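Subject: The structure I promised you

Hi,

Here is the structure I said I would send over. Open it next to this email and follow along as you read.

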Amino acid sequence: MTIRLLDTLSGEQRELVPLEPGHVRIYSCGPTVYGPAHIGNFRSFLFADLLVRYLRKRGLRVTWVMNITDIDDKIIRGAAANGTPIGELADRWTERFRADGRALRMSDPDVLPRATGHIDEIVALVATLLDRGHAYRTEDGSIFFRIASWPAYGKLARLDPSQLRVGERVEADEYGKDDVRDFALWKGPKTGEPSWSTSIGEGRPGWHIECSAMSMTHLGETFDIHTGGVDLIFPHHEDEIAQSEAATGREFVRTWLHCAHLQMGGSKMAKSVGNIAGVNELLEAGVSPRALRYVLISAHYRASLNYTEDSLTAAASAIERLDALFLALGTYREERPDDPSLPVLLDETRTAFETALDDDLNVSPALAAVFDLVRELNRRIDARSLSTLDAGRAAGFLRELDRVLAIGPEPARDALEPELAALLEARATAREARDWAASDRLRDELVERGIVVEDSRDGQRWRRAGSLARA
Ligand SMILES: [Zn+2]
């Protein structure tokens, strides 16, 4: 088994060889909880989820850590703007993030650490940087990382540190810096802002330091994979490398993976552009969460992806094809010998699926392999060339691949509520009696309750109408 991933830092595709054999440690930069995450944020989170799910399917143990930024300028401003305590605001949006993640079938990270729960670790890291001469204090009690002390600065973003200009505006409270390039590790106390009394002084952590402290706390000083959106390469990840490696003297991350932006209407989806779509907002408008997941995972993570109504419709129809096949396989009965070519077909599909994902998580050919199989299985169902057992094998195989993709129907959805089951039963009786008028009336009644009925040689099949793009 060889899984190759393109490392942003070296620019090379590298074989994934976990530091600890069989155990991959992954850190993903998570949400800043001051408002709802939009689907552009979730593209990056679901890419990490796909990676985690795939590595697990390949038999690797994975420890996945995703941080929650719960103290930050934006949260402080948001809380002040609507008079909510900061902790309450952060709790509310953390809960929303988790609900959105569940709706989109994102696996639960093994650890979801919060910055405010790691003040001691952050303080210890800043203290080490002060001791080693990589950080200095300013008059207002802030502590900055001294970029001049770290010649390797700029290697991730491929910037020449001597040429580096800070494009972002310099915060008014950061004028005490020795060098405009330097970044805040610790922010001195300000009236109306939360702060902590610590051994390095009163204040609160800067944003970058929290990811170094939390990743190293939960995954060790060196770990296998760090993921995030491309917008985090500079300065966030550049700063993470500098402060972590300056503190430990060791390599921080072995492989950096960065997910491209989600575009909408031709521009990067961003709050500042104003073209954002929230997950919850879309789901409440009737978008199927599985179709949304499909859209967000269906392009290679480094390729730009344009979110459109058409892409959502195409995803919904792919999901419907999958649902229809699961239903057909579930009701298929044929007393005949097993199809000797089915195991070959399934093996070929598995090989194509894994070969694609082994190649830097190239999801498009993996999805193509799944939908080629869907087409071929439908053909064999129509030709009645499968045995009853074959149909069960094929369904089990699709479930196995779906542990990675997580776009298939919920197994629990196969159980129908008793009142609907009674309607379905009544319709079967009407059909046996060739009472077509009654049968049609019962079909309409089921449709009204969200159940689509189809007649096949194996009797009635039903599915929920919820797999459509819009209800
Ligand atoms: Zn981060």
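Below is what turned up, one site at a time.

Before you start, keep in mind that this is a predicted model.

Let's begin with the metal. Which protein atoms hold the zinc ion? The donors are SG of C29, SG of C211 and NE2 of H236, and they lie 2.0 to 2.2 Å from the zinc. Along the chain, these donors follow the spacing C-x181-C-x24-H. C29 and H236 come from distant parts of the chain, 207 residues apart. You'll find C29 in the loop between β3 (23-28) and α1 (39-57), while H236 is in helix α6 (residues 233-248). Are these two buried or exposed? Both C29 and H236 are buried.

Stay in helix α6 for a moment, as P235 lies there too. The peptide bond that joins F234 and P235 is cis, with omega at about 0 degrees.

Next, have a look at a small sheet. It is an open one with three strands in the order β13-β12-β14, and the pairing is mixed. Why do β13 and β14 each have one side without a neighbour in the sheet? β13 (267-268) and β14 (305-306) stand at the edges and have a single partner strand each, so one side of each is left free of a neighbour there. Strand β12 (residues 262-264) pairs with β13 in the antiparallel sense, over two bridges. To see this in the model, find Q263, which stands opposite K268 in β13.

Now for two arginines with backbone angles to check. R105 isn't a glycine, yet its phi is positive, near 60 degrees. R105 sits in the loop between α3 (86-103) and α4 (119-131). Its relative accessibility is 17%, so R105 counts as buried, the cut-off for that being under 20%. R384 also has a positive phi without being a glycine, at about 55 degrees. Look for R384 in the loop between α11 (363-382) and α12 (388-405). With a relative accessible area of 13%, R384 is buried as well.

Last stop: L327, in helix α9 (residues 309-331). Which residues does L327 touch, leaving out those up to four places away in sequence? They are R461, W462 and R463. You can also try the distance tool on L327 and T2: they are 325 residues apart in sequence and 35 Å apart in space, from C-alpha to C-alpha.

Have fun clicking around!

Cheers

Conventions:
Residues numbered from 1 in each chain as written. Predicted model: local features only at pLDDT ≥ 70, side-chain atom pairs only at ≥ 80, totals over all residues. Heavy atoms only, no water. Donors = N, O, S within 2.8 Å, 3.2 Å for Na, K, Ca; no water. Helix = DSSP H or I, 4+ residues; strand = E, 2+ residues; numbered from the N terminus. Buried < 20%, exposed > 50% of the residue type's maximum accessible area, 1.4 Å probe, protein only. Contact = heavy atoms within 4.5 Å. Pairing = 2+ DSSP bridges.
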